[in-house]
Every structure is written in C-alpha cells, then in structure tokens.
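I sat down with a new structure today and kept notes as I went. Here is what I looked up, in the order I got to it.

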Number of protein chains: 2
Amino acid sequence: MSSFSSCQSVREARRVAIFGGTHGNELSGVTLVHLWMKNGTEIQRRGVETRPFITNPRAVEKCSRYVDTDLNRAFTPENLSAPADGQLPYEVLRAQEINRMFGPKGSPDAYDVIFDLHNTTSNMGCTLILESSKDHFNLQMINYIQKALAPASCLVLLNEHPLLKYSTARSVAKHPVGLEVGPQPQGVLRSNIFESMREILKHALDFIELFNEGVEFPPCSVPVFRVSERVDYPRDANGNIMAMVHPNLQDCDWEPLNPGDPMFQTFDGKTIRYQGSGTIYPTFINEAAYYEKQQAFVATRRETLSANAVRKA
Amino acid sequence: MSSFSSCQSVREARRVAIFGGTHGNELSGVTLVHLWMKNGTEIQRRGVETRPFITNPRAVEKCSRYVDTDLNRAFTPENLSAPADGQLPYEVLRAQEINRMFGPKGSPDAYDVIFDLHNTTSNMGCTLILESSKDHFNLQMINYIQKALAPASCLVLLNEHPLLKYSTARSVAKHPVGLEVGPQPQGVLRSNIFESMREILKHALDFIELFNEGVEFPPCSVPVFRVSERVDYPRDANGNIMAMVHPNLQDCDWEPLNPGDPMFQTFDGKTIRYQGSGTIYPTFINEAAYYEKQQAFVATRRETLSANAVRKA
Ligand SMILES: [Zn+2]
Ligand SMILES: [Zn+2]
C-alpha cells in the first residue's frame, strides 16, 4: 500500500459554524459565542467563514437546558420534515430553522463543519464527540488538536451505537464535532473550563486553515472510547432512584470499571457492583441532565481508529 | 459572675421539622426527606416529634429551584398576610400554607426547630446558617455538632445583615437552622455530600434529645463568618457579565481575600483585584443560583460568639 493510494481528498472547509447554547444552561459555549458575536477576530482564519451562533436563545434566556424538548435530540428526519403548523414544540421549529440555515442535513449545501459547545457536570475533562469512525477529516483534526494541546489531554467519545446515537444539532453539517468540557455545574461559568474550551477551538480552527491551504496530513491513529451501553440508576417501582453513584466511581470518568468493582451505593449503605463481562470505561458519570434520560453513566470500550491521510480536493 | 446566673433556661424542643426541597433542584435534602418520609427510624429521638417535609413539591417535581419565585425569600410579613386570592405566585401561597402548618412565625405555637436542607454549587463544605447571634440554643447545638464531627469541620455563616438578611422558610420556627452542603451541581446527587448532610442531622437530633432530657450545656464560644456584603460580577450596560471568578478565588470559599488579591478575570484575560479595606472571607463563590441575584460571592468577616450555658426550662 503506497502512501499515495491512502490519501483521501476532502472538500475544503469554507463554511464553519460554532454553536453555543444548544443547552441553555451550559455557560461556557453560551459565553464564548456571545463574545465572538460581538468581536470575531479570535475565530477568523484565512479562507474560512466562521459563524458563531446561539442555537436555543429561549433556553439561554431562561438558563434552562431546553424549553419544550431537548434541541440536541430534535434533528430527526421526522422533525425536520414535519409541517410547521405552530403546534410543534419550540425546539422542533428551531431545528427546522437551523436546518434551513446550516443544512439541509445530508445535502451538498450543508455547512462543512459545525462545532457544538457543551458542558457537563461530570468529571470528563475535555472531550471531543464524534458521530462517525469514518470521517477522516474529523479524525485528522482531532489528532492535530491532541498534539497541539499536549501534555494536556483531550479524549474522544465515539457514538455510532445504532440505538444510543441521537440526532444532534451539529449533525446538520458534513463534519459534526461535539465539544464537551467539564466538570461545570449547570448555570455556572468557571474560568478553567471556559479557557479549555476556547483553546480547543483555537487549534481546531488552525487545523482548518492549514487544511484549506493545502497541507497534507499523513495517516495517524486516534484512540477513542466507543459508546457501548447506557447504565441507569437502580430505581423503585415509581421510578425514584434507590442508590447513588458509588464514591469509588464518582468523578472517575474514563477510568476502567472491572467486573466486581463498586458501581452504586444504596441509601442504607449497601454496595452494588458491576456485574458485566469485561472492562468498561464509564463516562458522563452522574451528569445532571441525564437523570431524566434514565442514565447514570455511559459505558464505553476503548479502541484505536486509523485515519487516512487527507488533503484538500 | 456565677455559672448559675449565666445559665439560660430554654423551652424544650418537642416539635422539630426537617425541610427538604425548599429549592427543588438541591437533591441531598430532597432525597433525605423522601427517605425519612418512608421510614423515619433514623430521625426518631426520645421525646421529640420530628417531621420530614417537602416544602416545594412542584419545584421538586420539575427539578428546578422554584416555579414562580424563590420560596426561601417568600416568608415576609407582607406575603404571609396577603389575602390568598389565587392570583398569588405559587410559592407565596405555599409559604402561607407552611406558615399555618409550622408557625405562625413569631408565635408561641410555632415549631421549636426547623432544619432546612440546601446544597450549593460552591466549594463551601458543610455550613450551618444562623439568623441570630443571640440564639443560645442554636449556638450550643452548633458547638455540639462541631465537636461530634471533629476532625471533620462544619463552619457557621451568620446572616444578621439588615439589608442582606432574607425571609427564609425556616424562619417560621423558634430556632431556624439552615444546612448548606457543597459542592454539588443542581440536579445531581453526590454520595459524599448526601452522607455529610445526613451525619450533621444525626448529631443535631442527638443534641435535641440530650437537651430535652435535661442535660446542661456549659458556656462556649462559636467562631462564625458574619455576612457583611454582597459582591456582584462585573457587568456591561445590558447586565451581561464581563468577567469570571478568578481561578485564584474559585473554590476558595472561607479563605482570606486581601486587598490586592485577584478576584475576577475578564474574558480578555485581565485581572480585577479586590480593592476593599481589610481582609474578607468570601463564600457562596460562583453559586449557580446567585447569578440572577447579582451576586458572585458573599463577603464575610470572622468573629467569635459567646454562647451562654443553656438547659431546659
Ligand atoms: Zn449539552
Ligand atoms: Zn438552596
């Protein structure tokens, strides 16, 4: 196999959007986007049009995750093609509007890259979220970001799970990138989380500029955590939780959980242990927004993806 | 001065309430109260009737701080005496109901002690909140709790400030005690925070049992942090914040802030320093719920209160 044959031609990335406020109480993205809407110097790059955009302004106004329904689950084909008759939930109407502005999803007219900025209450550090293991442009961008950030780290969560994958706002773009930084409580802006997010965006935009200038990026490998399962809290017949995340697991996002390890602690002090087969790597541990989604953490498995060399078509 | 003359007779504390869910998204108190409503063995003490109670069930249902207005600011004389005509905000009606059940506030019929359970996103650890420096029963209870917890600590925030004091739910009782434990994000239940809160309640109820049995508690001194000022984020003309809590101050609740110390960091990296006179001890630093109250932290000053000996009348 020659290096020539494995180099993939990718259309240049002229139109880039940065979404903030997809969840209105995740303040790092809201604040960065507001800042850049006033003065975009920091996100300008040669040959790239970068558009900062508040996706859910009514949720931002209320400092709540959403108004009627989760915008970041709303970009389904059914929603995007529903007749806009005024009876639809606010976020469904908004998804249609965003799809018209930055899509249409899956079409040649769609934006090239959308970065969607999120915060989590979990101790996940900096995380890039991918929706496809075959998007070599994104994999190369991640590799670039990781090298630029070192020795600080930025992990990759890959969600290609047939049942657990959801219809994100960023999925409108050709290359959707989720950026999840924590821990940060909802409704709080922490300087360390804010600056980490800002730095990742800087490197991501630098990569796009270099790519558009014709730089070729050689093959590389990218370690990822692939979503494998959703694990709920133990609950009673009324749906009330009966146990908390065990102190040994709390804040230990990305660390191995082995069969027999403590997972939950009941209110009378009993330990519930992980009974699955093989090592998993929990993440989104005890995320506030996921109580309503019946999810105490997301189980992942480690693997390494191979990224083809890419260059501008 | 003989020890006899300084011993204060206090009415026994037969009726005690434990409030959870005064803010519906502060889950330690909500969970403990739900637990104890199902099985109250843990909070039963000889000669004490202890009643666990969810104060804002509609906010708990929504997992939000409140529905119409902050319940923990609603117990003003105006609200409590307003004609209940159905036009009142939900929390004002609820305050009237709670006042009928546990008060009336300021009357001999009021409950003896109300513990009100709160969580904060700030790094405050375990904090007891007092509304009066002259409540010797409460001061003795705090001294008892602190000794029982040692070497773990539980600090005391005293809010007697003429302008900054507010009309709490617990203020209905003869002896109101706020319990504030953090850091815990809104909508999240952390086992460490939950267990800390539970342990403090245990010691508090033990004290009440001993007191009712006639044990005399000798004079003691109680170090407190007295609320002196409210400090807001720097804001622009539209009320949007222009700076974040400085990383040197973030998570440093109860630590001294001296003139010249970094206090805020603007979005372009400039440091705003504390310019006041003398050392303050900030707390409630970067609390999520206080953005809407124009408050980045509460400034306090340290002092030591003297508690009289107390025994049952
Ligand atoms: Zn989010
Ligand atoms: Zn509270």
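My entries below go from the contact between chains to single residues and then to salt bridges.

**Entry 1: where the chains meet**

First reminder to myself: this is a predicted model. I started with how chain B and chain A touch. I found 29 residues of chain B in contact with 29 residues of chain A. The area buried between chain B and chain A comes to about 2,100 Å², and carbon and sulfur atoms give 55% of that. Then I asked which three residues of chain B supply more of its buried area against chain A than any other three. They are B:S191, B:M244 and B:F267, with 26% of what chain B buries there.

Next I looked at the charged and polar links. Between chain B and chain A I counted four salt bridges. One of them joins B:D251 to A:R190, with the closest N and O atoms 2.7 Å apart. Eight residue pairs are in polar contact across the interface of chain B and chain A. I also noted which elements of chain B give at least two residues each to the side touching chain A: α1 (27-38), α6 (191-212) and β9 (243-245). Sorted by class, that side of chain B has 13 nonpolar, nine polar and seven charged residues.

**Entry 2: what the UniProt record marks on chain A**

I checked the unreviewed UniProt entry next. Under "binding site" it lists A:R65, A:E180 and A:Y290. The same look-up gave me a stretch: UniProt lists residues 13-208 of chain A as "domain: Succinylglutamate desuccinylase/Aspartoacylase catalytic". Over residues 13-208, chain A is 35% helix and 19% strand, and the C-alpha atoms at the two ends are 7 Å apart.

Is A:R65 buried or exposed? A:R65 counts as buried, because its relative accessibility is 8% and the cut-off for buried is under 20%. I found A:R65 in the loop between α2 (57-62) and α3 (77-81) of chain A. Beyond four places away in sequence, A:R65 touches a list of residues that includes A:H23, A:N56, A:D70 and A:Y290. Its side chain makes a polar contact with the side chain of A:H23 at 3.2 Å. A:R65 also belongs to a network of salt bridges that links A:E26, A:R65, A:D70, A:R73 and A:K293.

A:Y290 was next on my list. A:Y290 is in the loop between β11 (271-273) and β12 (297-307) of chain A. With a relative accessible area of 6%, A:Y290 is buried. Leaving out neighbours within four places in sequence, A:Y290 is in contact with A:R65, A:R73, A:Y166, A:F284 and A:Q295.

**Entry 3: A:R94 and B:T55**

I looked up A:R94 and found it in helix α4 (residues 90-102) of chain A. A:R94 is buried, at 9% relative accessible area. What does the side chain of A:R94 reach at 2.6 Å? It reaches the backbone oxygen of A:T55.

Over in chain B, I went to B:T55, in the loop between β3 (49-54) and α2 (57-62) of chain B. B:T55 has a relative accessible area of 0%, so B:T55 is buried. Past its neighbours within four places in sequence, B:T55 has contacts that include B:F19, B:L71 and B:R94. The side chains of B:T55 and B:T22 are joined by a polar contact of 2.7 Å.

**Entry 4: salt bridges**

Over all chains, the whole structure has 48 salt bridges. I picked a few to look at.

B:E213 and B:R46 meet through their side chains at 2.8 Å, N to O. This pair links distant parts of the chain, 167 residues apart: B:E213 is in the loop between α6 and β8 (220-231) of chain B, and B:R46 is in the loop between α1 and β3 of chain B. B:E213 is partly exposed at 42%, while B:R46 counts as exposed at 57%.

B:D206 and B:K202 form another salt bridge, with closest N and O atoms 2.8 Å apart. They are separated by about one helical turn, because they are four residues apart in helix α6 of chain B. B:D206 is buried at 16%, whereas B:K202 is partly exposed at 41%.

Last one: A:R235 and A:D232 meet in a salt bridge at 2.9 Å, N to O. A:R235 is partly exposed at 24%, and A:D232 is partly exposed at 26%.

Conventions. Residues are numbered from 1 along each chain as its sequence is written. Chains are lettered from A and ligands numbered from 1 in the order in which they are written. This is a predicted model: local features need pLDDT of at least 70, side-chain atom pairs count only at pLDDT 80 or more; totals for chains, interfaces and linings use all residues. Side-chain values use heavy atoms; hydrogens and water are left out. Contact means heavy atoms within 4.5 Å. Buried area is the accessible area (1.4 Å probe) that two parts lose on being put together, summed over both. A polar contact is a pair of N or O atoms within 3.5 Å; within protein, one must be able to donate a hydrogen and the other to accept it, and residues adjacent in sequence count only if both atoms are side-chain atoms. Ala, Val, Leu, Ile, Met, Phe, Trp, Tyr, Cys and Pro count as nonpolar, Asp, Glu, Lys and Arg as charged, and the others, Gly among them, as polar. UniProt positions are given in the numbering used here, feature names are shortened, and annotations may be inferred rather than shown by experiment. Buried means under 20% relative accessible area, exposed over 50%, partly exposed in between (1.4 Å probe, protein chains only).
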